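Please find below my notes on this model, arranged as numbered points. I have tried to keep the criteria beside the statements that depend on them.

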Amino acid sequence: MSRPAIALQVYVLDTPDPSGLASFYAVLLGWDIDDAATDDDWVQLRAPAGGGLAFQLAPEFTPSTWPDDRVRLQAHLDLEVDDLDAAEEWVLRHGATRVVGPNPSPTFRTYRDPSGHLFCLVRSA
């Protein structure tokens, strides 16, 4: 049997504030909100090359407490950057908070978005 056509459409993040979190990532990534795929419970961003991120209303969302294990880490986004310092200034200015983990690295840094999801800025090779 050959592999059927399967492609990632969007990666969905639960949040109590779909519109606010979509605006945060739209500014960070320079992507547009897809008005045709948006309503009160769902906001979607489209990447220029296709695919994207979506934000789904989840009033009871509980973010990970990583590096503390009370609420375990389930997933996170890695965002590639050329300049860690400039990218850090950008994400902090737009509402991210820095998370200092147990393994500091010169090539990546960890943050929380306004809803508490973890993401990393990763310096490109």
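1. Helix α1 lies across β1, β2, β3 and β4 and runs at about 160° to β4. Here helices (H or I, at least four residues) and strands (E, at least two) are DSSP runs numbered from the N terminus, axes are lines fitted to C-alpha atoms, for helices over the stretch in contact, with angles running from 0 to 180 degrees between N-to-C directions, and contact means heavy atoms within 4.5 Å.

2. On provenance, this is a predicted model, in which local features need pLDDT of at least 70 and side-chain atom pairs count only at pLDDT 80 or more, while totals for chains, interfaces and linings use all residues. Residues are numbered from 1 along each chain as its sequence is written, and side-chain values use heavy atoms, with hydrogens and water left out.

3. The strands that α1 crosses form an open sheet of four strands in the order β1-β4-β3-β2, with mixed pairing; two strands are taken to pair if DSSP finds at least two bridges between them. Because β1 (11-15) and β2 (32-33) stand at the edges with a single partner strand each, one side of each is left without a neighbour in the sheet. The pairing of β2 with β3 is antiparallel and comprises two bridges, and isoleucine 33 has leucine 45 in β3 as its bridge partner.

4. The largest nonpolar core contains 21 residues, and those with the most contacts inside it are Phe24, Tyr25, Phe55, Leu77, Val91, Phe119 and Leu121. Such a core is a set of buried Ala, Val, Leu, Ile, Met, Phe, Trp, Tyr and Cys residues joined through side-chain atoms within 4.5 Å, where buried means under 20% relative accessible area, exposed over 50%, and partly exposed in between (1.4 Å probe, protein chains only). At least two core residues come from each of α1 (18-29), β3 (42-46), β4 (52-57), β5 (77-81), α2 (84-93) and β8 (118-123), and α1 gives the most, with six.

5. Which residues does aspartate 113 touch, leaving aside those up to four places away in sequence? They are Leu13, Leu21, Phe24, Tyr25 and Phe119. Aspartate 113 is placed in the loop between β7 and β8 and, at 4% relative accessibility, counts as buried. Its side chain makes a polar contact with the side chain of tyrosine 25 at 2.8 Å, and a polar atom of that aspartate side chain lies 2.8 Å from the backbone nitrogen of serine 115. A polar contact is a pair of N or O atoms within 3.5 Å; within protein, one must be able to donate a hydrogen and the other to accept it, and residues adjacent in sequence count only if both atoms are side-chain atoms.

6. Seven salt bridges are found in the whole structure, each being a side-chain nitrogen of Lys or Arg within 4 Å of a carboxyl oxygen of Asp or Glu. Glutamate 88, buried at 17% relative accessible area, meets arginine 98 at 2.9 Å, N to O, a pair linking helix α2 to strand β6 (residues 97-99) across ten residues. Glutamate 88 also meets arginine 109 at 3.7 Å, N to O, and this pair links α2 to strand β7 (residues 108-112), 21 residues apart. Salt bridges with shared partners join Asp85, Glu88, Arg98 and Arg109 into one network.
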